Amino acid sequence: MIMAFRNVNRRCHMGLQQLSSLASIGRTLLGPVKSYKFIVDVSTSESVLTCSAVRLLESLDLTSAVGQLLNETIQAQNKDYKTGMTTLLFLVGAWSSAVLECLQQNVPFSLIVSVMSEGLNSCSEKIQCLQLSVHDLYKGSDSVPMHFGSSSLGVPEGLHSHQASPCDPHNRYLNSHLCTADYRTPLLVEPVGNKTMPVLPGSSLIASSCNKRTRLTHSRYFNTPGKSHCSLQVDNFGGPPTGPAACPYEFNDFGQLAMALSHGNQSSMKLVHDIVRCQQQVADHTGSFQFNIAEVLTCCLPGLAEHYSCVCPGYITLVSPEKATVTKKLQDRPLQILLVDGDLTEKYRHLGFNRPSNVRIISENVGLQESNSESLWINYVLDILIQAKVNLVLVKGNVCESLMERCILNNILIINPVTHNVLLAFGKGTGIQLVTYLSQVNSHCVGSSVWVDFWRTGDLSTMELDNKVPISIKAEGIHLVTAVLSSTVTSKMQVIEDRFWTCAYRLHHALTDQKVFPGGGAVELLCLSHLKKLEEQSLKQGDDKPSGDFYMSSCWLTKSFTQYKPVVLKALASGWHQYLSRVMCNTAHYASEFEASTSIEHNLKKAADCGSPSAYILKEFNKGDKVMVDFGLLTKREEAVKVYDNVTPKVEAWRRALDLVLLVLQTDAEIITGPKRNQLLNSHGSSEFIFL
C-alpha cells in the first residue's frame, strides 16, 4: 500500500497557528489575580465583561473549525469539572507553539505524537507521589480549629439578629454566626526511605501504581472520561464524579480544606463552606456527612452590594410582580405542590413520543379551530389543578402564557423553568412523583406542607430587582440550599456566579477523589524536573536502541528517534514552563516572565541537587512557603493557608489540551492511503508530499 503525508515542515501549519493565536487571548486569565476583558459586539456596540475562559470563547464568533474544536474542548472540561478551563486554554496555546517549533526542526509528526503522549503519561505517573490524602489531611493530634476572623462569611450584620437555626425549614433567614476556628496547620515528621522530612498532618504519599501503557486516540467531541477511549488510564484519574461526595468529616476539616482550594476567591469559598455546614445541620445525625452539590443552587440579585451575598436553606428564585401578588396571598399557609417534568403546553410531547402511524395530519394551522382547542385544553388543565387543590406548580420547561394568566387569576402559582435537580429534591422531600402530562395527576402526585414566602435579607424589605421579586420555597425534608449572590455591577454577576461554582466544584472534586495535589506550582515543577531527567537520559543513550516507555518499532522512526526525542521532550516541558512563568507574573510577585523563568530554573537546579525532586518539593511545601506561586490568601504569615489543587480536573485538563493539539496536528498532516501515487506525483502539489 502506498502511503504519503503532507510535508508540513516546509509549509505554514495553519491549524496550530490558529490554536496558538486563539489561546493567547487567555494569558491574563491565569492565576488568582485575573484581568477582566471586555468583549465588544461591533454591530450592536454591546459588551460583555468576563475573566473566564469559558465565557470568553462563548462570546467570540468562532467560525473556523479549529476555533469550534477549541470551544468544544473547553465546554467539555467545564461540563465535567467546572475548573481547569483556563489551564487547558493556556496549555493548548503553549503546546501548539512548541509543536510548531518541532516541525520547523523537521521532526516527523508521528514522532511528535508518540513522544508527547508518552511524556504526558510518564509525568502523570510521576506526580502521583505528590498526592495527599484528604481523609486524614487535618486529623493531626496537634491540629487547631480554624476561624474566619470577625467577618461574617459574606453576610451583612443585619442577618445576625435572628436566633433560629440557620437551616430550619421554617426559618426565613440564615443566621451565619457559625463556629470559628484557627488556620494554623502543624507539621509532623515522617520518615521517607532513609530520609526524614516534614509532611502535612495525616498526609499520605501515594505510590505510583499505574504501570499500564496507554494508546492515545482522538475524538472530535472529546467524550467524557469513562466513555472515551482517549482517557488517560492513570490510577484514580477517573471520570467526572456523580452523586454526592461521601465524607465522614467534622466542620473544622472543611474550613481549612475549602480555603486551601479557594485560590484567592475567599469570599466565594466562604459561601461554599456555609453551604457545607447548612447541609450538615439539616442532614440526619448519623455521624457521617455527604456534600451533595446536586442540592446546591444559586440566585443572582443584581443591584445589591456584594456583602449581602449569603446562604439560605430552601429554593430561592425570582418571579414577576404578577406572581408576587399570588405569593402574598399564599404565604404563611401550607400549600399543595405539583411537579411537572416537561413543558406545560398543549402540543408538548415527551422525548421519544411517536405519533400514531394510521393518522395523517392535513394541517396544524386552522385558525379558529386551533384557538378553540387551546381554550378547551386550558379549561381541562385548570379543572385538574383546582380539583386536586394544587396551589403551587413547579415546571421544568415552558408554560403556556394563557394558562399562566388563568392560574394567576385563580391564585395558583406556577414557577418555571426549574432544574431537574430541584424537582427531584421536592419529589423526594414530599414523597410525590413527577408527572409529564397533567392527565397523569393523582393522589400520589400531589404533595403537601410546602411553604412560600418573600425572601428578605435582614432588615431589608421586599425588593424588586429589574421587575423581579425574590421568593423562597421550602418544605419539610428538603435539603436544598441556595447561595444568594449580589453585586451592584450587573455585568459582574456572571463572573461572581462562575467563581462560586468553581469553588464549589473544587471542594466537591477533592472530597470525591479523596486526595489533592500540593498547589503553588508544585506539580508542574515536578513535571519539569521529570522531563528534564528524561531529556538528559535520551541524550546519553546516543545511538543505543530506544527502550522502555519510549520504544518505537517503526524502522524509519527508530533511526531518528534518538536525535529528535530530546527536542520533543523539551517542547513538552516548555508548555508547563510557560504556564508557571505566566502565573507567577500574574500574581504581581515577579516583574517579568524572564525573572519568573529564572526563579523556575533556580528551583529546578535545587530539586536536582537534592537527589529526589519530589522530596524537595514536598519539603518546601510543608515549610509553609510558596513552592513556585504565592496565591496570597492571607496577608499575615501566621495566618497563611496552604494551597491545594484538584487531582482529576488538573490531569484531565492536561490530557485534553494535548489531545486537541495532536488532533489538529494529525488532521492537518492529511494522511493519504490508496492507489493514487502516480496521480499525486504528477500533480502541481507533488512537492508537498513525501511517499513512504
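Modeller: Let me start with a term: a residue is buried under 20% relative accessible area, exposed over 50%, and partly exposed in between, with a 1.4 Å probe and protein chains only. By that rule, buried residues make up 53% of the 692 residues in this protein. The model is predicted, so local features need pLDDT of at least 70 and side-chain atom pairs count only at pLDDT 80 or more, while totals for chains, interfaces and linings use all residues. Residues are numbered from 1 along each chain as its sequence is written, and side-chain values use heavy atoms, with hydrogens and water left out.

Biologist: Thanks! Why is S486 called buried?

Modeller: Its relative accessibility is 1%, and the limit for buried is under 20%, so S486 counts as buried. S486 is found in strand β17, residues 481-487. Strands here are DSSP runs of E with at least two residues, helices are runs of H or I with at least four, and both are numbered from the N terminus. The protein has 18 helices and 21 strands.

Biologist: What makes the pair of S486 and A305 a polar contact?

Modeller: A polar contact is a pair of N or O atoms within 3.5 Å; within protein, one must be able to donate a hydrogen and the other to accept it, and residues adjacent in sequence count only if both atoms are side-chain atoms. Here the backbone oxygen of A305 lies 2.6 Å from a polar atom of the S486 side chain. Contact in general means heavy atoms within 4.5 Å, and among the residues that S486 touches are L301, Y308 and M493.

Biologist: And S449: is it buried or exposed?

Modeller: In between! At 35% relative accessibility, S449 counts as partly exposed. S449 sits in strand β15, and its phi is positive, near 60°.

Biologist: What makes a positive phi worth pointing out?

Modeller: Most residues other than glycine have a negative phi, and most peptide bonds are trans. H263 also has a positive phi, about 55°, although it is not a glycine. H263 lies in the loop between α6 and α7 and, at 13% relative accessibility, counts as buried. As for peptide bonds, a cis one joins N416 and P417, with omega about -10°. P417 is in the loop between β14 and α11.

Biologist: How do you know that β12 and β15 pair?

Modeller: Two strands pair if DSSP finds at least two bridges between them. Three bridges join β12 (335-340) to β15 (446-454), and these strands run antiparallel. I337, for instance, stands opposite G447 in β15. Both strands belong to an open sheet of six, in the order β11-β16-β15-β12-β13-β14, with mixed pairing.

Biologist: Why are β11 and β14 called edge strands?

Modeller: Each has a single partner strand, so one side of each is left without a neighbour in the sheet. Helix α11 (420-430) lies across β11, β12, β13, β15 and β16, running at about 135° to β12. Axes are lines fitted to C-alpha atoms, for helices over the stretch in contact, and angles run from 0 to 180 degrees between N-to-C directions.

Biologist: What describes the packing of α1 and α4?

Modeller: Two packed helices are described by the angle between their axes and the distance between the axes. For α1 (14-23) and α4 (85-104), the angle is about 145° and the axes are 8 Å apart. Among the residues that meet are L16 and L19 in α1, with L89 and V92 among those in α4.

Notes
Lists of a residue's contacts leave out its neighbours within four places in sequence.
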